[in-house]
Amino acid sequence: MREAGRRVADTLTTLSAMVRPGVTTGDLNEAAGARIRELGGTPSFFGYVVDRKRYPANICVSVDEEVVHGIPGRCVHGRREVPDRALREGQVVSIDCGVIFEGWQGDSAVTLPVGQVSAEVLDLLEVCRSALWAGLRTLRPGSRLSDLAGAIEGTVRDAARGSGRDYGLVEDFVGHGIGRALHEPPQVPNYVSRELRRSDLVLQPGVVLAVEPMVNLGSKRVRTLRDGWTVVTKDGAPSAHFEHTVAVTEEGFEVLTLRADGSATH
Ligand code: MF3
Ligand code: CO
């Protein structure tokens, strides 16, 4: 899974370097397919079926108020080709990438500014990124899923208090176990609920999770567009999404979606 994760990080590095005003979501999708294959992997999202719908692209590209599962341009979805869209200065773009390598999965996402963006939106990205890492740092033998969720939720709550801003932590989508399949049990919520406390899991070395908080600059409420995939904020406010694939180890945790030199893309 380290090998798969490394290829995800390498691909995200290539794509991140392309992000600037004028680049299209279709450009990112095609570059992702080319890079993943060059690395000997397969894009795991392409053709992946959720609720009897097939995902039509190599990656998810979600712009501004799009939270997750945005479909990049020039992909054929249903009978239609999705219109291509150029990124514009001031937007944010989330790129979510999954790779299968020798039968094992890696999954990671990063949200990037396009050119210059407002301080408020830059802060949003940092809140979401730091919530992800606060969650990852709870992982060790004997830690619980509710510890991970509590750390993510606490980071977002403290950031909202400290700044006076509304940060909506999305509840309708969760992280997941990952291994030979992209989505395996358990579900990995980003907030603590009675439900989570009731079904809480004690983690052990060898467990591998994809942890993926989504934070909106406004309400936590989201809805899915008529294309059946694209999830957007109900209030139209921008959203951030960060994800890593992580293993629980004897020592604590190991992020698997790192570059070959061990550095993190995000
Ligand atoms: N990281 C996302 C997830 O785990 C990406 C899945 S896109 C899909 O849900 F098309 F594969 F569903
Ligand atoms: Co995922």
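**Notebook: salt bridges and a bound ligand**

I began with Ile100, which is partly exposed, with a relative accessible area of 26%. I noted that the model is a predicted one, and I then looked up where Ile100 belongs, which is strand β8. I also checked its distance to Ile152, which lies 52 residues away along the chain, and found the two C-alpha atoms to be separated by 27 Å.

**Entry on the salt bridges**

How many salt bridges does the structure hold? I found 15 of them, and I looked up three pairs in detail.

I took Asp27 and Arg74 to begin with, whose side chains meet in a salt bridge with an N to O distance of 3.2 Å. Asp27 belongs to helix α2 (residues 25–38), while Arg74 lies in the loop between β5 (66–68) and β6 (76–77), so this pair ties together parts that are 47 residues apart in sequence. I looked up the accessibility of both partners as well: Asp27 counts as partly exposed at 28% relative accessibility, and Arg74 counts as partly exposed at 31%.

I went on to Glu66, which forms a salt bridge with Arg85, and here the closest N and O atoms are 3.0 Å apart. Glu66 is in strand β5 and Arg85 is in the loop between β7 (80–81) and β8 (92–101), so I wrote down that the pair links distant parts of the chain, 19 residues apart. Is Glu66 buried or exposed? Glu66 has a relative accessible area of 8%, and because buried means under 20%, I entered Glu66 as buried. Its partner Arg85, with a relative accessible area of 32%, is partly exposed.

The third pair I looked up was Glu120 and Arg165, whose side chains meet in a salt bridge at 4.0 Å, N to O. Glu120 lies in helix α3 (residues 119–136) and Arg165 in the loop between α4 (145–163) and β10 (168–169), so the pair ties together parts that are 45 residues apart in sequence. Glu120 counts as partly exposed at 38% relative accessibility, and Arg165 also counts as partly exposed, at 25%.

I then asked which residues are joined into one network by salt bridges that share partners. They are Asp27, Glu30, Arg74 and Asp84, and I had already met Asp27 and Arg74 as a pair.

**Entry on Thr25**

Since Asp84 had come up in the network, I looked up Thr25, whose side chain is joined to that of Asp84 by a polar contact of 3.4 Å. Thr25 is found in helix α2, and with a relative accessible area of 0% Thr25 is buried.

**Entry on ligand 1**

Where does ligand 1 sit? I found ligand 1 in the largest pocket. There are 14 residues around ligand 1, and those that come nearest are Tyr55, Asp96, His176, His183 and Glu243.

I checked the polar atoms next, beginning with His183, where an N or O atom in the side chain is 2.8 Å from an oxygen atom of ligand 1. For Glu243, I noted that a polar side-chain atom lies 3.0 Å from a nitrogen atom of ligand 1, and for Asp107 a polar side-chain atom lies 3.2 Å from a nitrogen atom of the ligand. On its own, ligand 1 has 330 Å² of accessible area, and I recorded that the protein covers 95% of this area.

Technical notes. Residues are numbered from 1 along each chain as its sequence is written. Chains are lettered from A and ligands numbered from 1 in the order in which they are written. This is a predicted model: local features need pLDDT of at least 70, side-chain atom pairs count only at pLDDT 80 or more; totals for chains, interfaces and linings use all residues. Side-chain values use heavy atoms; hydrogens and water are left out. Helices (H or I, at least four residues) and strands (E, at least two) are DSSP runs, numbered from the N terminus. Buried means under 20% relative accessible area, exposed over 50%, partly exposed in between (1.4 Å probe, protein chains only). A residue is near a molecule or strand if one of its heavy atoms lies within 4 Å of it. A polar contact is a pair of N or O atoms within 3.5 Å; within protein, one must be able to donate a hydrogen and the other to accept it, and residues adjacent in sequence count only if both atoms are side-chain atoms. Accessible areas come from the Shrake-Rupley method with a 1.4 Å probe; for residues, only the protein chains shown count as cover. On a 1 Å grid over the protein atoms alone, a cavity is a set of points where a 1.4 Å probe fits but cannot get out, and a pocket is an open set with protein on both sides within 12 Å along at least five of seven lines; lining residues have an atom within 4 Å of a point. A molecule sits in a cavity or pocket if more than half of its atoms lie within 2 Å of its grid points.
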